[in-house]
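Trainee: I would like to learn how to read a model of protein bound to DNA. Please take me through it one feature at a time.

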There are 2 protein chains.
Amino acid sequence: MPAATISRLSIYSRCLAQLEISGIDTISSHELADRTGINPAQMRKDLSYFGQFGKRGVGYKTSELNKNILKILGLDHEWKVAIVGAGNLGSALSGYRGLKEHRFIVSAVFDSDKSKTGRYCGTVRVSSMDEVKDVVAREGIEIAIIAVPAEAAHWVANQLVAAGLKAILNFAPATLIVPEDVKLRNVDLSIELENLSYFLTNKDREATVENA
Amino acid sequence: MPAATISRLSIYSRCLAQLEISGIDTISSHELADRTGINPAQMRKDLSYFGQFGKRGVGYKTSELNKNILKILGLDHEWKVAIVGAGNLGSALSGYRGLKEHRFIVSAVFDSDKSKTGRYCGTVRVSSMDEVKDVVAREGIEIAIIAVPAEAAHWVANQLVAAGLKAILNFAPATLIVPEDVKLRNVDLSIELENLSYFLTNKDREATVENA
DNA sequence: TAGATTGTTAATCGATTAACAATC
DNA sequence: TAGATTGTTAATCGATTAACAATC
């Protein structure tokens, strides 16, 4: 199964949730394709990796399909999340409403600066990095988000791995090395901007080539 | 040319910059592959879309190759960036050191909440959304980063397009529609987390399938 | 039944990688 | 020259999409 299938499932799920709200209770792959910009065959293929969810000649029940997708994605229950770094970015993330809406609960915020311990990031008390192992175990945290400066990121990742975490989302501009049973995803602001920079620099040339 | 080539160029560039610092002035595609985890043929192919930068039998001059890549990416000069949203996320982004290091200069911060106008986000004065067009033109801003809540994102995107911006990086959890000459890239925290959720939910099953 | 739409196979498309002639 | 490494072609691999039989 392509890795991109998972990201698309998230997109279908969001679209279905909106349709549910609009009171539309049946939808075809073609209609859903129109709304998401994803090819209808692609959508059916993506679903086919996991089972059969529609009725031939009819389509899909929006709420039923969404429930199935959420189950596939492991979103049929809450996930407890830790944020590491109580600086601007950590604060922004811990206050991000989208997290709770998608049932990701910020259950701990860590910072290595002990002067921050005991302060609050939104409603969550900041803990010292010494406590990572204890807090992760006690709270049942399974996902960590790294929001520290590049220099600190690798040390933080090691601490998180040592605490038993298997899923890390990294916002620090650093290349982290983790054991292969740990799933690491990177969000790299600079690479995003460099893509835009390339586009701005080359769009005229590309347009010319396309027209030629 | 694959879109992924551009992201890989960013990675090569970073690796080359490190090598320069280490005083290594020549490198082969194979060595660079070892350091980046990217296949050496891939790297040579990526470069081949843009020209010939190496010497057969020898390799690449690190500083020369990096200069060429930076030129290709449009990183041989500064880019002025506007951040929209002076909340937690906007503040975090405008204080992000990586931006200046990569020659992205935060030249304006906008917020539609006029009570914030005149405050400072780091060293940058917060402007009202009414001023977008003027400030963008005056400062020569070409890239905008959206860091507002989902509800406001589409209105903001419209304002930015109206102000003539052609490159937008969107952190808001909303699907934006922009004219096709505008390059839009999305950073979606929830999709990242949902990928991790899928992994945590299914890794045992997958491991079993692979072993079977 | 006729029309519609799924689930899935087969075809296409595109991206990655291997292989190797060119050449330093 | 012999060894090394590029630049590029050809082969492979994988993902997307078209097509269609199954069936509601």
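**Reading the DNA surfaces and the chain interface**

Mentor: α3(B) gives the most to the surface near DNA strand C, with 4 residues. Keep in mind that this is a predicted model.

Trainee: Which other elements supply at least two residues of the surface near DNA strand C?

Mentor: Besides α3 of chain B, the elements are α3 of chain A and α1 (4-21) of chain B.

Trainee: How many residues surround DNA strand C, and which are the closest?

Mentor: DNA strand C is surrounded by 24 residues, and the closest are Ser29(A), Arg44(A), Gly54(A), Tyr60(A) and Arg56(B). As for the DNA side, sugar and phosphate make up 64% of the strand C atoms that come within 4 Å of the protein.

Trainee: How do the residues of the surface near DNA strand C divide by class?

Mentor: There are 6 nonpolar, 9 polar and 9 charged residues.

Trainee: Now the individual contacts. Which part of DNA strand C does the side chain of Tyr60(A) approach?

Mentor: In reading such a contact, name the atom on each side. A side-chain N or O atom of Tyr60(A) is 2.8 Å from a phosphate oxygen of DNA strand C. Phe53(A) uses a polar backbone atom instead, 3.0 Å from a phosphate oxygen of that strand. Arg44(B) addresses a base: a polar atom of its side chain lies 3.1 Å from a base nitrogen of DNA strand C.

Trainee: And DNA strand D: which residues are the closest there?

Mentor: Among the 24 residues that surround DNA strand D, the closest are Ser29(B), Arg44(B), Gln52(B), Gly54(B) and Tyr60(B). Of the strand D atoms within 4 Å of the protein, 67% belong to sugar or phosphate, and the rest to bases.

Trainee: What does Ser29(B) contact, and through which kind of atom?

Mentor: Ser29(B) places a backbone N or O atom 2.6 Å from a phosphate oxygen of DNA strand D. Two further contacts reach bases. Gly57(B) has a polar backbone atom 3.0 Å from a base oxygen of DNA strand D, while Arg56(A) has a polar side-chain atom 2.9 Å from a base nitrogen of that strand. The elements that give two or more residues to the surface near DNA strand D are α3 (40-48) of chain A and α3 (40-48) of chain B. The largest share, 4 residues, comes from α3(A). By class, this surface has 5 nonpolar, 10 polar and 9 charged residues.

Trainee: Next, the interface between the protein chains. What is the area buried between chain A and chain B?

Mentor: The size of an interface is often given as the accessible area lost when the parts come together. Here the area buried between chain A and chain B is about 5,000 Å², with carbon and sulfur atoms giving 66% of it. In chain A, the residues that lose the most area to chain B are Leu189(A), Glu194(A) and Tyr198(A), together 13% of what that side buries. Counted by contact, 54 residues of chain A meet 54 residues of chain B.

Trainee: How many salt bridges are there between chain A and chain B?

Mentor: The count is 8 salt bridges. One pairs Arg185(B) with Glu192(A), where the closest N and O atoms are 2.5 Å apart. There are also 24 residue pairs in polar contact between the two chains, both residues being at pLDDT 80 or more.

Trainee: Which element supplies the largest share of the side of chain A that touches chain B?

Mentor: α9(A) does, with 15 residues. By class, that side of chain A has 30 nonpolar, 12 polar and 12 charged residues.

Trainee: Which residue forms a salt bridge with Lys166(A)?

Mentor: Asp181(A) does, with the closest N and O atoms 3.0 Å apart. This pair links distant parts of the chain: Asp181(A) is in the loop between β8 and β9 of chain A, and Lys166(A) is in the loop between α8 (150-162) and β8, 15 residues apart. Over all chains, the count comes to 16 salt bridges.

Trainee: Into which domains is chain A divided?

Mentor: Chain A has domain 1 (3-72) and domain 2 (79-190). Their C-alpha centres lie 32 Å apart.

Notes
Residues are numbered from 1 along each chain as its sequence is written. Chains are lettered from A and ligands numbered from 1 in the order in which they are written. This is a predicted model: local features need pLDDT of at least 70, side-chain atom pairs count only at pLDDT 80 or more; totals for chains, interfaces and linings use all residues. Side-chain values use heavy atoms; hydrogens and water are left out. Contact means heavy atoms within 4.5 Å. Buried area is the accessible area (1.4 Å probe) that two parts lose on being put together, summed over both. A salt bridge is a side-chain nitrogen of Lys or Arg within 4 Å of a carboxyl oxygen of Asp or Glu. A polar contact is a pair of N or O atoms within 3.5 Å; within protein, one must be able to donate a hydrogen and the other to accept it, and residues adjacent in sequence count only if both atoms are side-chain atoms. Ala, Val, Leu, Ile, Met, Phe, Trp, Tyr, Cys and Pro count as nonpolar, Asp, Glu, Lys and Arg as charged, and the others, Gly among them, as polar. A residue is near a molecule or strand if one of its heavy atoms lies within 4 Å of it. Domain bounds come from an automatic or database domain assignment.
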